[in-house]
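Please look through the chain below from the standpoint of its side chains, asking at each step which are covered and which partners they have. The account begins with a single acidic residue and widens from there.

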Amino acid sequence: MARFAVIVAGLLLAAVIATYARYGSLDPCDWMVQDLAARSDLPLVAVRLRISGGFLLDGITNPGPGDCLVKWWQWRREGLPKAE
């Protein structure tokens with residue numbers, strides 16, 4: 001059982017390191033901004049406003065990391081929205 005826990009902890013650590021290496025942050029809201037900005041030619045301010053507007057349409061006025069993580073996973077599953 002201890003060996004299993006060490007393996008799981010190692011995998012989690014590797015995932016955290018890989019995520020930080022890719023995004024430079026562990027905040028899912030930053031991940032959303034970077035992914036959408038990479039897909040579009042919009043300035044970062046416009047990308048942030050678009051994401052905030054999307055949350056407002058969902059009834060979320062002040063998204064937290066949990067809200068961003070759920071939305072980011074939806075984007076991963078369904079594909080990033082077009083930001084044109």
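D35 has a relative accessible area of 6%, and it is therefore classed as buried, the limit for that class being under 20%. This value, like every other one here, is computed from a predicted model. Which residue forms a salt bridge with D35? The partner is R76, and the closest N and O atoms of the two side chains are 2.4 Å apart. The pair links distant parts of the chain, since D35 belongs to helix α2 (residues 28–39) and R76 to helix α4 (residues 65–78), with the two positions 41 residues apart in sequence. R76 differs from its partner in cover, because its relative accessible area of 38% makes it partly exposed, whereas D35 is buried.

Side chains of opposite charge can pair when their charged atoms come close. In this model, a search of the whole structure finds 4 salt bridges, and the bridge between D35 and R76 is one of them. Another is formed by K71 with D58, where the closest N and O atoms are 2.7 Å apart. K71 lies in helix α4, while D58 lies in the loop between α3 (44–57) and α4, so this pair ties together parts that are 13 residues apart in sequence. Here too the two partners fall into separate classes of cover: K71 counts as buried because its relative accessibility is 18%, which is under the limit of 20%, and D58, with a relative accessible area of 46%, is partly exposed.

A further salt bridge joins R77 and E78, with the closest N and O atoms 3.8 Å apart. Are these two residues buried or exposed? R77 counts as exposed at 61% relative accessibility, and E78 counts as exposed at 60%, because the exposed class begins over 50%. Returning to the acidic residue of the opening, salt bridges that share partners join R22, D35 and R76 into one network.

K71 also has an aromatic contact to consider. Its charged end sits over the ring of F55, 6.0 Å from the centre of that ring. F55 is found in helix α3 and counts as buried, because its relative accessibility is 3%. Computed along the sequence, F55 and D67 are 12 residues apart, while in space their C-alpha atoms are separated by 8.7 Å.

The aromatic side chains can be followed in a similar way. A pair of aromatic rings is described by the distance of the centres and the angle of the planes. The count for this model comes to 4 aromatic pairs. In one of them, the rings of W72 and W73 have their centres 5.3 Å apart and their planes at 75°, so the pair is edge-to-face. W72 is buried, with a relative accessible area of 10%. Together with Y23 and W31, the residues W72 and W73 form one aromatic cluster.

The remaining features concern the helix at the start of the chain. Helix α1 covers residues 2–23, and its 22 residues should span 32 Å at 1.5 Å a residue, which agrees with the 32 Å that separate its end C-alpha atoms. After α1 comes G24, whose phi is positive, near 70°. F4 has its place in this helix and counts as exposed, because its relative accessibility of 55% is over the 50% limit. Which residues make a nonpolar surface patch with F4? They are M1, V8 and L12, and the patch formed by these residues and F4 has an area of about 480 Å².

A5 is found in helix α1 as well, and it is partly exposed, with a relative accessible area of 44%. Its separation from a distant part of the chain can also be stated: the C-alpha atoms of A5 and N62, which are 57 residues apart along the chain, are separated by 36 Å.

How values were computed: Residues are numbered from 1 along each chain as its sequence is written. This is a predicted model: local features need pLDDT of at least 70, side-chain atom pairs count only at pLDDT 80 or more; totals for chains, interfaces and linings use all residues. Side-chain values use heavy atoms; hydrogens and water are left out. Patches are made of residues with over 30% relative accessible area and no salt bridge: like charges are joined within 9 Å, nonpolar side chains (Val, Leu, Ile, Met, Phe, Trp, Tyr) within 5 Å. Accessible areas come from the Shrake-Rupley method with a 1.4 Å probe; for residues, only the protein chains shown count as cover. Helices (H or I, at least four residues) and strands (E, at least two) are DSSP runs, numbered from the N terminus. Buried means under 20% relative accessible area, exposed over 50%, partly exposed in between (1.4 Å probe, protein chains only). Rings of Phe, Tyr and Trp (its six-membered ring) pair if their centres lie within 6.5 Å; planes under 30 degrees apart count as stacked, over 60 as edge-to-face and the rest as tilted. A charge sits over a ring if NZ of Lys or CZ of Arg is within 6 Å of the ring centre and within 35 degrees of the ring normal. The expected span of a helix is 1.5 Å times one less than its number of residues.
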